[in-house]
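The exercises that follow ask you to read a two-chain model step by step, with the solution worked out beneath each task. Please keep the sequence and the structure open beside the text.

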Amino acid sequence: MARVKYRFNTPAGKVFDAVNVTVLIAVGTIAILPFLYVLAGSFATEYELTTRPFFLWPNEFTTDAYASILSSSVFVRAFITTIAVTGVGTAIQLVLTALMAYPLSKIDLPGRRTIMSLVVFTMVFSAGLIPTFLVVKQLGLLDTYWALILPAAINPFSLIIIKNFFQELPKELEESAKIDGANELRILRSVVMPLSKPVLATFALFYAVGIWNDYMSPLIYLSDTSKWTLQMFLRQVTAASSLTGEDLGNELPPPAQGIKFAVVMVATIPVLLAYPFLQKHFAKGMLIGSVKG
Amino acid sequence: MATLIEAQAASGASAATLRPQNRRNVRETLARYRWLLFLMLPGIIYFLLFRFWPMYGAQIAFRDYIPFLGIEGSPWVGWEHFETFFTNPDFPRLLRNTLILAALSLFIAFPLTIVMALLLNELRLNILKRTVQTLVYVPHFLSWTVVVSLTGLLFAIGNGPLWTLLNDVMGTETNFLADPAWFRPLIVLQDVWKNTGWGTIIFLAALAGVDQEQYEAAIIDGAGRWQRVWHITLPSIRSTIIVLLILQTGQILNTGFEQIYLMSNALNRTVADVFDTYVYFVGIQQGSYSYATAVGLAKAIVGVILIFGTNWLAKRFNQQGIF
């Protein structure tokens, strides 16, 4: 603690610390200020939105924009679809990644080096958008939700990090399970998985956020507008110069400005709800097992 | 009991059992690793289907792909699509736009990340440090659709807060979202806002590993704050900086499709078109599959050369590379 003392005690040091604290508080504020503005705007009246350039508290509260969104059949369908695709997709992606990471964590697995080199190769070189699109087309996945899940099922970075994590688990536990007669499937389920919960939870959340936020896959693979996800709906609403009730599947036209604010909030809130859980683990999860090996 | 013997055999690991010399050994190896190989099967199928099959399909860059004839049935045209692309009047513009955006990211966003990590590292008040970190990581988790929509609301003509503020300061009536001169600044602004905070994580982790005694020794030797940063802190994150630089160099031609696509409009096309969006427009929208594949392939190959080139350079200068 003595260190802390002489860091602060020179006048120049004090000035630097004061400036540093101010700068970082400003940076932290800027990181969330746009969001707070949109939150306030989503509850403001059309009149206030067109007359006041900036506010963090509306003079007059209204929930018209949210009412318009929640009564929109187009939105409700997109929202439910996105939740379902995210849930199923995350489960599939995580299981596939973990199942592949586990055998690769065994140093004596035959062919391990070859497979690892091929995985790393896909990180450096990818065939590109069109050949992947043609594969998805050939598999008959165009205009299906599988196209949003399967082409990105295993992220090579995540695979390698999870593999490295498995590799660092104490070998004794697995060996004693083996002596007790457990096969590899059983060891994975009863020994490795329980020990890896925080890491797997972190990558589950990363996968979930990835699917939830994905705009490119639905843009490319879904031409049927009735299958659109939330991000596509969001884009349609915020990029439109004017929306009719028909665009939303409503009888009444939405509040022209307010709806844009409200729809941004609705698309963001689920991610923000997941954020505390993410934050608990991600720094550790990202760095754990990032040792070369 | 059999498992025990197997386990002992595996840990005893005579080299011969790992390098099977005849059919019996292959069978034995397969039997011993059957569960592991079985677990890996879905993953292997995934990589074959969605990562390697497209590489096989990329040969249509050298063919005139006609869906009806299939990949193998379409006629070979050699380098025709590449020649068309490199002699295309669009090519210099695409290259220029892509490189400028990459350079802006490399020379503005990347150093800002390091500066921010250093500032956070100097912050001794732990609660404040954690609060700032929590706040600056948030934008990383927002989708590009949300970020672009936020930009649209902040710069909305007539009532957007930043539209009002900037135009008041400059005394203009600029429509930032449509003005080609403002395209690049907005892209950099979004990039910095979304990713700078997140990018600090890896540096902060490297900084946390620095031996505190070095600082104490430096203080006793009379080193000031800047000297400590210059001689202890920065050298300790040098290898992290180099690895990230190598990775970023490999990404130079990848501008990030979603951000650019969502930010481009009819008025800023001259500065907004990059290779990634071009592949989408000519490939998916216009259906010129072979030509778009050639463009994508050219881009990917340059990326590989760049990443190995930087890695080689880093090693030549006695730094640790990534391979």
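A residue is called buried if 20 or more other C-beta atoms lie within 10 Å of its own, exposed if 12 or fewer do, and partly exposed in between, with the C-beta atoms placed from the backbone. The model is a predicted one, and every value below is computed from it.

**Exercise 1. Describe the overall build of chain B, beginning with its buried residues.**

Step 1. By the cut-off just given, buried residues make up 32% of the 323 residues in chain B.

Step 2. Turning to secondary structure, chain B has 18 helices and zero strands. Its radius of gyration is 26 Å, whereas the globule rule gives 20 Å for 323 residues; the value is well over that figure, so chain B is more spread out than a compact globule.

Step 3. The C-alpha trace of chain B spans about 85 × 70 × 40 Å along its principal axes, and 63% of the contacts in chain B with a separation of 6 or more join residues that are 24 or more positions apart.

**Exercise 2. Carry out the same description for chain A.**

Step 1. Chain A contains 16 helices and zero strands. The globule rule gives 19 Å for its 293 residues, but the radius of gyration of chain A is 25 Å, well over that value, so chain A too is more spread out than a compact globule.

Step 2. Along the principal axes, the C-alpha trace of chain A spans about 70 × 70 × 35 Å.

Step 3. Of the 293 residues of chain A, 39% count as buried, and residues 24 or more positions apart account for 72% of the chain A contacts with a separation of 6 or more.

**Exercise 3. Work out how each chain is divided into domains and what joins the parts.**

Step 1. In chain A, domain 1 covers 2–62 and domain 2 covers 66–287, and the C-alpha centres of these two domains of chain A lie 32 Å apart.

Step 2. Eight residues of domain 1 of chain A are in contact with eight residues of domain 2 of chain A. On the domain 1 side, the elements that give two or more residues are α2 and α3 (46–51) of chain A, and α2(A) gives the most, with four residues. By class, that side divides into four nonpolar, three polar and one charged.

Step 3. In chain B, domain 1 covers 2–81 and domain 2 covers 86–316, with C-alpha centres that lie 36 Å apart. The contact takes seven residues from domain 1 of chain B and six residues from domain 2 of chain B, and the domain 1 side consists of four nonpolar, one polar and two charged residues.

**Exercise 4. Compare the UniProt annotation of chain B with the model.**

Step 1. The unreviewed UniProt entry gives "transmembrane region" for residues 33–53, 99–120, 141–163 and 289–314 of chain B.

Step 2. In the model, residues 33–53 of chain B are 95% helix and 0% strand, with end C-alpha atoms 26 Å apart. Residues 99–120 of chain B are 100% helix and 0% strand, and there the end C-alpha atoms lie 31 Å apart.

Step 3. The unreviewed UniProt entry also lists "domain: ABC transmembrane type-1" for residues 95–310 of chain B. This span is 78% helix and 0% strand, and its end C-alpha atoms lie 20 Å apart.

**Exercise 5. Characterise the contact between the chains, and follow V304(B) into it.**

Step 1. The contact brings together 76 residues of chain A and 76 residues of chain B. On the chain A side, the largest share, 13 residues, comes from helix α2 (residues 11–42) of chain A, and the residues of that side divide into 52 nonpolar, 15 polar and nine charged.

Step 2. V304(B) is found in helix α18 (residues 289–316) of chain B. Leaving aside neighbours within four places in sequence, V304(B) is in contact with V124(A) and F125(A).

Step 3. Is V304(B) buried or partly exposed? With 14 other C-beta atoms within 10 Å, V304(B) is partly exposed.

**Exercise 6. Examine the backbone and surroundings of D143(A).**

Step 1. D143(A) lies in the loop between α7 (129–138) and α8 (146–149) of chain A.

Step 2. Although D143(A) is not a glycine, it has a positive phi of about 60°.

Step 3. D143(A) counts as partly exposed because it has 14 C-beta neighbours inside 10 Å.

Notes. Residues are numbered from 1 along each chain as its sequence is written. Chains are lettered from A and ligands numbered from 1 in the order in which they are written. This is a predicted model: local features need pLDDT of at least 70, side-chain atom pairs count only at pLDDT 80 or more; totals for chains, interfaces and linings use all residues. Two residues are in contact if their C-beta atoms, placed from the backbone, lie within 7 Å. Ala, Val, Leu, Ile, Met, Phe, Trp, Tyr, Cys and Pro count as nonpolar, Asp, Glu, Lys and Arg as charged, and the others, Gly among them, as polar. The radius of gyration is taken over C-alpha atoms; the globule rule is 2.2 Å times the number of residues to the power 0.38. UniProt positions are given in the numbering used here, feature names are shortened, and annotations may be inferred rather than shown by experiment. Domain bounds come from an automatic or database domain assignment.
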